[in-house]
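User: Could you take me through one part of this protein slowly? I would like a close look at the place where its two domains meet.

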Amino acid sequence: MIVLFGLRLCRVAHLERQNVPMNTKLLGINTKLIHAGQTPDWTGAVTVPIYQTSTFAFHSAKHGASLFAGEQDGYIYTRIGNPTVHALEENVAELEGGCGGIATSSGMGAVCTVYLGLLESGAHVVSTASVYGPSRGLLENDFSRFGVESSYVDTSDLDQVRQAMRSNTKLVYIETPSNPSMKVSDIAQIADIAHAGGALLVVDNTFASPYLQNPIALGADVVLHSVTKFINGHADVVGGIIVAKEKSLYKRLRKTMIMSGCNMDPHQAFLVLRGLKTLGIRVERAQQNAMKIAHWLEEQPEIETVLYVGLETHPEHELAKRQMKGFGTMISFELRGGLEAGCAMMDAVRLATLAVSLGGVETLIEHPASMTHAGLAREDRQAAGITDGLVRYSVGIEDVEDLIADLRTALNAIPQTADARRSRIMSEAGAR
Ligand code: LCS
């Protein structure tokens, strides 16, 4: 009897200690990645469980009615909210310094929710020309049918942003660094331009991840991610998330997500939470690899240009240094032999996987003009800096020597002129 009573007391003490949400706001980012939004539930489970349920029981009819009326917090139905998904939303909202997160079924679910929630007929959007292809296609092909206009400019050039603003511009939508042309746009300055024109600034922060860049602190109103990429990081989940700076925007976008039905599933959220914990160490390691590979590529005779924001030769290198906490893991490069050489190289890599997507532990290589950005007209691609010969390389956490050896073999596989072969032999002799 005494033993049972003791056990009961222990359990109550344990619950009291564990159920108090920890204030992680002032802690470092790697601590936040592990602890923000991760308060153990009544079981004390250290890892947030998968609440695989579509619906939640009410204590009484009155309780159900008061949840629906928003008079108290609680769960109703998984499309509206779910504890596993909520843990992820809380975590990323804190990483991004926003007031709330809205997890979605995919990155495009997040993009679509933002457009649907913030635009109306007659509204105009100014967007980065080299955004992810479908983020542009959705506006040009679908939202245009409902009277939404959009202009695409090089947002790394502030004058182009200023000139594109109109009296009906409701949204400035930027991607920085952009996919795949690696242009960097000045978030703080563009926030000023957008706000002066009465528009909101939305930043797709997928390429940087919340570990390297926090647009809300620089003036953005909304941040979104394809969590398929760095946040999950293991190429096994498709998902998205939106973080709003202000409560009113958060509520508006949450309502749109609930109505449009692009909620994240609890099992998806569980996997993303698991991946997210190592975001810091994954990004640190992969960007070290990326810097070495970018320098190595620059020296190869077959390579015409290397676009990596960490290189001093990158046009917005100084801005990236100020705005980001690191240079990230994405490299785009152009081969002297153009598209033909690029294809030969992509067919010859063995360690890097020829696949779209990015931001995972494994290195991926792809051809934007025929893959991720094939939906854009050729002139629009050219204007956005996506040439036919551009190759995109997402650096993973493998041993960098192995990645470089793989690239070397692939470059050797490109059919070469006698001159190019001679310069390659000379450059390899120099390296030895
Ligand atoms: N935003 C950016 C910057 C992206 O790169 C992507 C996907 C999305 C949004 C959409 O996210 P999803 O719905 O796929 O989760 N980017 C891809 C890419 O570059 N290759 O494959 C997908």
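**Where the two domains meet**

Analyst: Happy to! Let's begin with the charged pairs: two salt bridges are counted between domain 1 and domain 2. Keep in mind that this is a predicted model. There is also a salt bridge to look up by name, in which the side chain of Arg 322 meets that of Asp 186, with 3.9 Å from N to O. Beyond salt bridges, 17 residue pairs are in polar contact across the interface of the two domains.

Now find the helices on the domain 1 side. Helix H6 (133-142), helix H8 (187-196) and helix H10 (266-276) each give at least two residues to the side that touches domain 2. H6 has the largest share there, with three residues. Sorted by character, the residues on this side of domain 1 are 20 nonpolar, 15 polar and four charged.

Let's step back and place the two partners. Domain 1 covers 47-276, while domain 2 covers 279-427. Their C-alpha centres are 28 Å apart, and the contact draws on 39 residues from domain 1 and 38 residues from domain 2.

How much area do the two domains bury between them? The value is about 3,100 Å², and 62% of it lies on carbon and sulfur atoms. On the domain 1 side, three residues are good ones to click on: Tyr 211, Leu 212 and Phe 230. Together they supply 24% of the area that domain 1 buries against domain 2, more than any other three residues.

Notes
Residues numbered from 1 in each chain as written. Predicted model: local features only at pLDDT ≥ 70, side-chain atom pairs only at ≥ 80, totals over all residues. Heavy atoms only, no water. Domains from an automatic or database assignment. Contact = heavy atoms within 4.5 Å. Buried area = accessible area lost by both parts, 1.4 Å probe. Salt bridge = Lys/Arg side-chain N within 4 Å of Asp/Glu carboxyl O. Polar contact = N/O pair within 3.5 Å; in protein donor to acceptor, adjacent residues only side chain to side chain. Helix = DSSP H or I, 4+ residues; strand = E, 2+ residues; numbered from the N terminus. Nonpolar A, V, L, I, M, F, W, Y, C, P; charged D, E, K, R; others polar.
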